[in-house]
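Me: I would like to go through this model step by step, with each reply reasoning its way to a definite value or name.

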Amino acid sequence: MNLNQLYLFEDLDEKTLKKIEKISIKTNFSKDNIIFYEGDESNYLHLLIKGVVKLYKSTSTNKEIVMKYFYDNELIAELSNFENIPYPATAVAYSECEILKIDFEKFKKIIYSNEKMILKIQSSLIKKIKNLERIISSQLVLDTHERVAKYIVENQEDFFKTKNVLIAQMLNITPETLSRVLRNYKDKGYIDMKKREINQEELILIYN
């Protein structure tokens, strides 16, 4: 794959693309391979070219708390790079993956000279912050029905393309519980899986 086929780099000229190629490594990961561990130094910016990556934290009792699943063309835990802090969670290949690892120190000089790239990275960071806020709110404040409703409203596009088992992991509930809640929402007309539509007003009333 050429770099200009990736969302982050599609507006760059050939000269800039060649600079990025020189400081990047394409790496393939088999399913269940660790990409980085929580606490590792964030020397590389990770751009997922193809596959699915799971980002999770482990509790003192070795329970996994899933932070997010990443899909094609997404940056992984880039906030760590910009804050110059170790990775706050572990990333593992949930499927066969191809990832572009970019030397971040060298990449920063390229980023700050390109306004469009800055805006794309800024948008990605905002999404990650919102996702973290959702996790904190869901785990500490909301009950199961409220948690599911809030996830659907805030992640409508992802909801219809993500497997239930993955959504259940992110919401820290069992797949069976999620299925019961979704069945209830279907019966009430809050979600339509065939048309990929939701009744946003009714769902918001559940958790507000």
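The turns below deal with a predicted model, taking its sheet, a helix pair and a loop residue in turn.

Me: In the open sheet of four strands, which strands stand at the edges?
Reply: The open sheet has the strand order 1-8-3-6, with antiparallel pairing. An edge strand has a single partner strand, so one side of it is left without a neighbour in the sheet. The strands in that position are strand 1 (24–29) and strand 6 (74–76).

Me: Which residue of strand 6 stands opposite histidine 46?
Reply: Strand 3, which covers residues 44–50, pairs with strand 6 in the antiparallel sense over three bridges. Within strand 6, the residue opposite histidine 46 is isoleucine 76.

Me: How many charged residues are there in the contact of helix 5 with helix 7?
Reply: The axes of helix 5 (residues 144–154) and helix 7 (residues 164–171) come within 11 Å and cross at roughly 115°, and the crossing is right-handed. Helix 5 contributes Arg147, Val148 and Tyr151 to the contact, while helix 7 contributes Ile167, Met170 and Leu171. Of these residues five are nonpolar and none is polar, and the number of charged ones is one.

Me: Is asparagine 155 buried or exposed?
Reply: Asparagine 155 lies in the loop between helix 5 and helix 6 (156–161). Its relative accessible area is 18%, and since the cut-off for burial is under 20%, asparagine 155 counts as buried.

How values were computed. Residues are numbered from 1 along each chain as its sequence is written. This is a predicted model: local features need pLDDT of at least 70, side-chain atom pairs count only at pLDDT 80 or more; totals for chains, interfaces and linings use all residues. Side-chain values use heavy atoms; hydrogens and water are left out. Axes are lines fitted to C-alpha atoms, for helices over the stretch in contact, and angles run from 0 to 180 degrees between N-to-C directions. Helices (H or I, at least four residues) and strands (E, at least two) are DSSP runs, numbered from the N terminus. A crossing is left-handed if the near helix is turned anticlockwise from the far one by less than a right angle, and right-handed if clockwise. Contact means heavy atoms within 4.5 Å. Ala, Val, Leu, Ile, Met, Phe, Trp, Tyr, Cys and Pro count as nonpolar, Asp, Glu, Lys and Arg as charged, and the others, Gly among them, as polar. Buried means under 20% relative accessible area, exposed over 50%, partly exposed in between (1.4 Å probe, protein chains only). Two strands pair if DSSP finds at least two bridges between them.
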